[in-house]
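Please look through the report below with the sequence and the model side by side. It is written for a reader who is new to describing protein structures.

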Amino acid sequence: MDGKPLRLRDQVHAVIRVNHYSIRTEKTYWYWIRYFIRFHQMKHPRDMGPRDVNEFLTWLAVHRNVAAATQSQALNALVFLRGNVHYREAAQPRSHNCFADVRFGPSCH
């Protein structure tokens, strides 16, 4: 490695491979992560929080008319990103995931 930080796609791929997720799960998670980033005009997910996730999931349900299972799949991808990629990147072990609380209201500070 030449000292450059890994791109987000490469970070997601590495964590998924280490955790032995299926290729199909990797493709699906990356689809939702990209969709989320594009929805927020290419803002990096590291700079977003539960409010942004809630806005995205609400938009999926209201404007895209997705099923609850599809909404859950999108949420799972974003929880994975936040819990396994960004927290590992920051080297801050957390027992509590802010994105997981998006359905129950903000509880992270």
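The paragraphs that follow describe the overall fold, one helix, the largest pocket and a few single residues.

This is a predicted model, in which local features need pLDDT of at least 70 and side-chain atom pairs count only at pLDDT 80 or more, while totals for chains, interfaces and linings use all residues. Residues are numbered from 1 along each chain as its sequence is written, and side-chain values use heavy atoms, with hydrogens and water left out.

**The chain as a whole**

The protein chain contains four helices and zero strands, where helices (H or I, at least four residues) and strands (E, at least two) are DSSP runs numbered from the N terminus. Along the sequence this gives the pattern α-α-α-α. Of the 109 residues in the protein chain, 36% are buried; buried means under 20% relative accessible area, exposed over 50%, and partly exposed in between, with a 1.4 Å probe and protein chains only. Among contacts (heavy atoms within 4.5 Å) with a separation of 6 or more, 52% are accounted for by residues 24 or more positions apart.

**Helix α2**

Helix α2 covers residues 23-39, and its 17 residues reach 24 Å from the first C-alpha to the last, close to the 24 Å expected at 1.5 Å a residue; the expected span is 1.5 Å times one less than the number of residues. The buried residues of α2 include Tyr29, Trp30, Trp32, Ile33 and Phe36. After α2 comes Gln41, whose phi is positive, near 50°.

**The largest pocket**

The largest pocket has a volume of about 180 Å³. A pocket is found on a 1 Å grid over the protein atoms alone, as an open set of points with protein on both sides within 12 Å along at least five of seven lines, and lining residues have an atom within 4 Å of a point. Grid points are joined across faces, edges and corners, and a volume is the space filled by probe spheres set on the points. Among the residues that line the largest pocket are Arg7, Trp30, Arg34, Met42 and His44. Helix α2 gives the largest share of this lining, four residues. The lining divides into five nonpolar, one polar and four charged residues, where Ala, Val, Leu, Ile, Met, Phe, Trp, Tyr, Cys and Pro count as nonpolar, Asp, Glu, Lys and Arg as charged, and the others, Gly among them, as polar.

**Single residues**

Most residues other than glycine have a negative phi. The table lists two residues with a positive value.

| Residue | Phi | Place |
|---|---|---|
| His20 | near 60° | loop between α1 and α2 |
| Met42 | near 65° | loop between α2 and α3 |

His20 is exposed, with a relative accessible area of 70%, and Met42 also counts as exposed, at 60% relative accessibility.

Two residues of helix α4 (residues 68-90) may be described next, beginning with Ala77. Is Ala77 buried or exposed? Ala77 is buried, because its relative accessible area is 0%. Leaving aside neighbours within four places in sequence, Ala77 is in contact with Tyr29, Trp32 and Ile33, and the C-alpha atoms of Ala77 and Phe36, 41 residues apart along the chain, are separated by 9.8 Å.

Arg82 also has its place in helix α4, and Arg82 is buried, with a relative accessible area of 14%. From C-alpha to C-alpha, Arg82 and Gly49 are 9.3 Å apart in space, with their positions 33 residues apart in sequence counted as their separation.

Conventions
1 Å grid on protein atoms, 1.4 Å probe; cavity = no way out; pocket = protein on both sides within 12 Å on 5 of 7 lines; lining within 4 Å.
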